[in-house]
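Thanks for making time this morning. I would like to walk you through one model, with its definitions stated as we go.

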Amino acid sequence: MTPALVAAAVPFGLPVGAGPLAHGVGTRADLPLPVGYVVAGGGLAVLVSFVALGALWRTPRLAGAAAGRPLPRPVAALAHGRPRLVLQAVVLALSVLVVVIALAGSPDVAQNAAPWAFFVTFWVGLVPVSLLLGPVWGALNPLRTTYRLLARVLPAPARPDLAERWGYRPAALSLLAFAWFELAAPDRSDPRRVGAFLVAYALVHLVAAAVVGERWFLRGDGFEAYSRLLGALAPVGRRSDGVLVLRNPLDGAAALPARRGLVAVVVVLVGSTAFDGLGRTQWWQNGFGAGGEAVLPSTTGPLATVALVGLLFAAGAGLAGRLGGYPGAAAPLAHTLVPVAAGYAVAHYFSLLLFDGQTTWILLSDPFATGADLLGLTGRGVDYLLVTARTISLVQVAAIVGGHVVGTVLAHDRALVLSAAAPAARRPVASQVPLLAIMVVLTMTGLGLLLGA
């Protein structure tokens with residue numbers, strides 16, 4: 001393991017491999033250019049893309065839910081029937097196993113697979129899987145599977161109307177609760193606390209589903225909503241007629257309906273991940289966050305960051321709508337933050353999945369620390385030579401800049417659509433300047449926090 005990787009892998013003073021909190025191992029020394037140049041270049045890339053769009057993309061081009069070419073029937077069949085049932089059973093069994101290991105396995109995080117499986121393999125792994133294959137967690141969610149089993153003996157849901165009335169707001173609260181647990185809760189890597197969180201999370205959502213019905217998971221379960229939003233950017237998706245198709249990921253994102261609470265979900269995702277970068281900077285650790293693991297700064301920090309992102313987006317979307325003659329634009333433009341959230345997630349957690357993700361399987365080989373070797377991996381070490389620190393930094397830069405460029409493209413096309421439907425439409429390109437300014441600021445801030453930490 002190189003000195004740069006060692007130094008960056010222990011930002012919390014933990015020994016390497018001591019807990020699934022040390023991530024983002026790229027450092028400023030690993031870039032081919034100074035950090036300042038990279039930050040400025042990222043902002044410039046977003047600005048140039050906006051100018052090019054204004055000159056070359058004059059009419060709406062994204063077909064949304066109507067786009068896509070049907071997959072071959074044998075391929076599409078894999079998403080239904082017996083293969084799907086088998087995967088649901090496997091995921092449910094693995095989920096139960098993780099909870100049992102968390103509560104009954106070793107109390108030492110270095111010997112218990114549950115925190116690694118939850119924070120790394122599941123939470124971080126959900127990003128690439130959803131971006132490649134679509135909203136897989138909606139199909140495999142063990143809480144959905146459990147509810148379907150329980151629904152056979154439960155009375156009919158009393159308030160199915162709440163799913164539509166509340167929209168994505170419960171999912172935003174679920175993600176905010178998870179973000180607090182991941183970033184602020186004391187001893188959050190402790191296996192027993194992880195197990196308790198998982199049990200509490202499951203109970204809350206199963207009770208809610210008993211009242212609202214199975215649609216609750218679509219809008220209330222934060223993890224399923226997260227997978228669904230990221231899955232909108234996948235090259236595989238469902239057309240409006242339900243057919244499984246290959247499509248332009250931009251069409252998938254444009255097809256996201258502007259439901260209540262969608263803005264809150266994407267703001268929580270962007271804001272909490274941004275704080276994850278802020279919390280590792282010297283400015284934070286030597287300032288308001290000097291208390292280390294103290295609950296107050298660890299709690300107010302993520303909340304303040306999420307609130308700031310929300311205010312920026314609301315102001316930018318509101319001003320764009322006023323300039324373009326289409327007021328109330330926040331919800332119709334919320335999907336533009338989905339690629340930003342995806343880019344932040346890839347940038348922050350790419351190295352975590354590659355390195356700490358190995359620990360999950362190493363520890364699962366001996367799940368209860370009894371000396372077993374079920375997978376032939378017991379005693380193995382993490383391979384830190386799997387990818388270089390420079391490669392990690394380049395992926396981080398590409399993910400953040402690429403996410404904001406895609407968000408700018410989506411905002412441009414949606415502004416053209418909104419302007420065309422507005423009764424008093426004005427100049428649609430000029431109306432996007434406030435959102436462009438926010439994209440540039442978020443790009444440069446994201447790169448600065450990540451690479452300058």
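I will take two helix packings, then the cavities, then two backbone angles.

What you see is a predicted model, in which local features need pLDDT of at least 70 and side-chain atom pairs count only at pLDDT 80 or more, while totals for chains, interfaces and linings use all residues. Residues are numbered from 1 along each chain as its sequence is written, and side-chain values use heavy atoms, with hydrogens and water left out.

Two packed helices are described by the angle between their axes and the distance between the axes. Helices here are DSSP runs of H or I with at least four residues, numbered from the N terminus, and axes are lines fitted to C-alpha atoms over the stretch in contact, with angles from 0 to 180 degrees between N-to-C directions.

Helix α2, residues 35-56, packs with helix α19, residues 389-421, at an angle of about 25°, the axes being 10 Å apart. The two are therefore roughly parallel, a term for angles under 35 degrees. Their contact, meaning heavy atoms within 4.5 Å, brings residues of α2 including V38, F50 and L53 against residues of α19, among them V397, H404 and H412. By class, this contact has 9 nonpolar, 6 polar and no charged residues, where Ala, Val, Leu, Ile, Met, Phe, Trp, Tyr, Cys and Pro count as nonpolar, Asp, Glu, Lys and Arg as charged, and the others, Gly among them, as polar.

For helix α5, residues 113-122, and α18, the angle is about 145° and the axes are 9 Å apart. W116 and V120 are among the α5 residues that meet α18, whose side of the contact includes D356 and W361; the classes there are 9 nonpolar, 4 polar and 1 charged.

Where, then, is the largest cavity lined, and by which residues? Its lining has 14 residues, with W123, E182, L269, S272 and T273 nearest the centre, and α10 (169-183) gives the largest share, 5 residues. The lining divides into 11 nonpolar, 2 polar and 1 charged. A cavity here is a set of points on a 1 Å grid, over the protein atoms alone, where a 1.4 Å probe fits but cannot get out, and lining residues have an atom within 4 Å of a point.

Lastly, D187, in the loop between α10 and α11 (191-212), has a positive phi near 50° although this residue is not glycine. A369, in the loop between α18 and α19, also has a positive phi near 50°.

Notes. Angles under 35 degrees count as roughly parallel, over 145 as roughly antiparallel, 65 to 115 as roughly perpendicular and the rest as oblique. On a 1 Å grid over the protein atoms alone, a cavity is a set of points where a 1.4 Å probe fits but cannot get out, and a pocket is an open set with protein on both sides within 12 Å along at least five of seven lines; lining residues have an atom within 4 Å of a point.
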